[in-house]
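Student: I would like a close look at one part of this model, taken slowly. Please keep to what can be read from the coordinates.

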Amino acid sequence: MKSGIHPDYHPVVFQDASTGKSFLTRSTATSTRTIEWEDGNSYPLLIVDITADSHPFWTGTQRLVDTAGRVEKFNRRYGKRER
C-alpha cells in the first residue's frame, strides 16, 4: 500500500440507539465520544439509529423510522391530492 493516501482505519464501537447493543469493529469513522470496552481499552463511540439488532429484516418486526419528517415534507411540497 502507498503511504499517506489511505484514511486511518482503527477500532470503533458502534451502539444501537434503540436497543443499546454495542459491538466493536474497525472503521475510518471518528467521534469525540469514547467508551471503555470489555477488554479495558477506550474506543471512539458512534451511536447509530439502526443496526442488525434493530433492523426489521433481521428482527422480523416492522417499525416506522421517519427521519426528518419525510411524510410531512412530501405533504408540504405536493399537498394532499383531491379526488
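In what sense do β3 and strand β4 pair, and over how many bridges? Please go on from there to the rest of the sheet and the residues on it.

Tutor: This is a predicted model, and what follows should be read with that in mind. β3 and strand β4, the latter made of residues 42-48, pair in the antiparallel sense over three bridges. One position can be named on each side: Thr 34 has Pro 44 in β4 as its bridge partner.

That pair belongs to an open sheet of four strands, in the order β2-β1-β4-β3 and with mixed pairing. β2 and β3 (34-36) stand at the edges; each has a single partner strand, so one side of each is left without a neighbour in the sheet. From one strand to the next, the twist averages 45 degrees. Along the sequence the pattern is β-β-β-β-α-α, which gives the chain four strands and two helices.

Now to the other end of the strand order. Strand β1 (residues 10-16) and β2 run antiparallel and are joined by six bridges. The two form a hairpin with five residues between them. In its turn, Gly 20 has a positive phi of about 85 degrees.

Leu 24 is a useful residue to follow here. Leu 24 lies in strand β2, which covers residues 22-27, and Val 13 stands opposite Leu 24. Is Leu 24 buried or exposed? Neither label applies: because its relative accessibility is 33%, above the 20% limit for buried and below the 50% limit for exposed, Leu 24 counts as partly exposed. Outside its neighbours within four places in sequence, Leu 24 is in contact with Pro 11, Val 12 and Val 13, and also with Trp 37 and Tyr 43. Pro 44, the bridge partner of Thr 34, is 20 residues from Leu 24 along the chain, and their C-alpha atoms are separated by 9.8 Å.

The structure holds one aromatic pair. Phe 14 and Phe 23 form this pair, which is stacked, with 5.8 Å centre to centre and 25 degrees between the planes. The angle counts as stacked because it is under 30 degrees. The two rings belong to residues with separate labels for burial: Phe 14 is buried, at a relative accessible area of 16%, whereas Phe 23 is partly exposed, at 36%.

Asp 16 also lies in strand β1. With a relative accessible area of 1%, Asp 16 is buried. Its side chain reaches the backbone nitrogen of Thr 19 at 3.3 Å. Leaving out residues up to four places away in sequence, Asp 16 touches Lys 21, Val 48, Asp 49, Ile 50, Thr 51, Asp 53 and Ser 54.

For the setting, the chain has 83 residues, of which 17% count as buried; Phe 14 and Asp 16 are among them. The chain exposes about 7,100 Å², and 51% of this comes from carbon and sulfur atoms. Of the contacts between residues at least 6 apart in sequence, 33% join residues at least 24 apart.

Technical notes
Residues are numbered from 1 along each chain as its sequence is written. This is a predicted model: local features need pLDDT of at least 70, side-chain atom pairs count only at pLDDT 80 or more; totals for chains, interfaces and linings use all residues. Side-chain values use heavy atoms; hydrogens and water are left out. Buried means under 20% relative accessible area, exposed over 50%, partly exposed in between (1.4 Å probe, protein chains only). Contact means heavy atoms within 4.5 Å. Accessible areas come from the Shrake-Rupley method with a 1.4 Å probe; for residues, only the protein chains shown count as cover. Rings of Phe, Tyr and Trp (its six-membered ring) pair if their centres lie within 6.5 Å; planes under 30 degrees apart count as stacked, over 60 as edge-to-face and the rest as tilted. Two strands pair if DSSP finds at least two bridges between them. Axes are lines fitted to C-alpha atoms, for helices over the stretch in contact, and angles run from 0 to 180 degrees between N-to-C directions. A polar contact is a pair of N or O atoms within 3.5 Å; within protein, one must be able to donate a hydrogen and the other to accept it, and residues adjacent in sequence count only if both atoms are side-chain atoms.
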